[in-house]
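Please walk through this structure with attention to how side chains from separate stretches of the chain come together, and to where the backbone takes up a less common conformation.

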Amino acid sequence: KEPSLLGLALRNRAFRATTLQCHYRSRTESLIRFSQRRYYPEMRTFPAPTPRTQHLGLQNVLVEGRCVGGINEVEAQAVVDRLRAHYEMWYQDGHLTRAIGIVAFGEKQIARIATLARQDKKLREYHHNPEAEGLGYFYRTIEKVQGQQAEDMILSLTYGVNESGKTSQTFGELNRGKLGECIFNVAVTRARSTVTMIHSIR
């Protein structure tokens, strides 16, 4: 079974394959580095500024979290903290002026992030509602983020040391070979300006 319509199209000789050379969404090369290395070595952004501020490029945030039952509480709280900071900077005249996407590995993790966001006093003051759509933000699991885009994105990898103190070798959708790579590639290229990757694995 083919994982996508693109795979079927490539098997049909009526279609001609061509290499993707320009990424229209991302504003800096660091956001498409994974795609360049794995799929499109000739692809570039245009224009391609070098990140010089915290508002452009890939940002890695390491936390001391544990994944228990599909939930990494420390990562979830770190996502909400970043989301709150985003609102403090980009909320004006009753709405967000810079869209943001919240993405996590697994339904349990994204649900936990949404719960913590609902409970956050400051986010409630901004009328933030994780169930709402079209208000400058979205919540998605990594499998369901295709078709979305935002200026900034916060990604929770979720997996890491488990309750026994051992690092998990199971990474959900990433363990699905080529399809896992494709899913990850889609997720990390949803942002135009920044991707903040919150993780518990060194």
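Helices and strands are here DSSP runs, of at least four residues for a helix and at least two for a strand, numbered from the N terminus. By that numbering, Asp 93 sits in the loop between strand 6 (91-92) and strand 7 (95-96). The model is a predicted one, and what follows should be read in that light.

The backbone at Asp 93 is a convenient place to begin. Most residues other than glycine have a negative phi. Asp 93, although not a glycine, has a positive phi of about 55 degrees, and its relative accessible area of 78% makes Asp 93 an exposed residue. Thr 158 also has a positive phi, of about 75 degrees, without being a glycine, and is placed in the loop between strand 10 and helix 6. The surroundings of Thr 158 can be read from its relative accessible area of 0%, so Thr 158 counts as buried.

The aromatic rings come next. Four aromatic pairs are counted in the model. In one of them, Tyr 87 and Tyr 126 are stacked, with 5.1 Å from centre to centre and 25 degrees between the planes; planes under 30 degrees apart count as stacked, which is why this pair receives that label. Because Tyr 87 belongs to helix 3 (residues 73-90) while Tyr 126 belongs to the loop between helix 5 (121-125) and strand 9 (137-141), the pair ties together parts that are 39 residues apart in sequence. Both Tyr 87 and Tyr 126 are buried, and ring pairs link these two residues with Tyr 91 into a cluster.

Another aromatic pair joins Phe 105 and Tyr 159, this time edge-to-face, at 5.9 Å from centre to centre and with 75 degrees between the planes. The pair links distant parts of the chain, 54 residues apart, since Phe 105 is in the loop between strand 8 (100-104) and helix 4 (107-119) and Tyr 159 is in the loop between strand 10 (150-156) and helix 6 (177-188). Phe 105 has 3% relative accessibility and therefore counts as buried, and Tyr 159, at 18%, counts as buried too, the limit for that class being under 20%.

Charged side chains supply a further set of contacts, and a search of the whole structure finds nine salt bridges. Among them, Glu 64 and Arg 202 meet at 2.7 Å, N to O. This pair links parts of the chain 138 residues apart, with Glu 64 in the loop between strand 3 (57-62) and strand 4 (67-68) and Arg 202 in the segment after strand 11 (191-199). Glu 64 is exposed at 59% relative accessibility, and Arg 202 is exposed with a relative accessible area of 76%.

The side chains of Lys 144 and Glu 107 also form a salt bridge, at 3.0 Å, N to O. Since Lys 144 is in the loop between strand 9 and strand 10 and Glu 107 is in helix 4, this salt bridge ties together parts that are 37 residues apart in sequence. Glu 107 is partly exposed, with a relative accessible area of 47%.

A local contact is found in helix 5, where Lys 122 forms a salt bridge with Glu 125 and the closest N and O atoms are 3.5 Å apart. These residues are three apart in the helix, so about one helical turn separates Lys 122 from Glu 125. Lys 122 is partly exposed at 33% relative accessible area, as is Glu 125 at 46%. Finally, Asp 81, Arg 84 and Asp 120 are linked in a network of salt bridges.

Notes: Residues numbered from 1 in each chain as written. Predicted model: local features only at pLDDT ≥ 70, side-chain atom pairs only at ≥ 80, totals over all residues. Heavy atoms only, no water. Phe/Tyr/Trp six-rings, centres within 6.5 Å; stacked < 30°, edge-to-face > 60°. Buried < 20%, exposed > 50% of the residue type's maximum accessible area, 1.4 Å probe, protein only. Salt bridge = Lys/Arg side-chain N within 4 Å of Asp/Glu carboxyl O.
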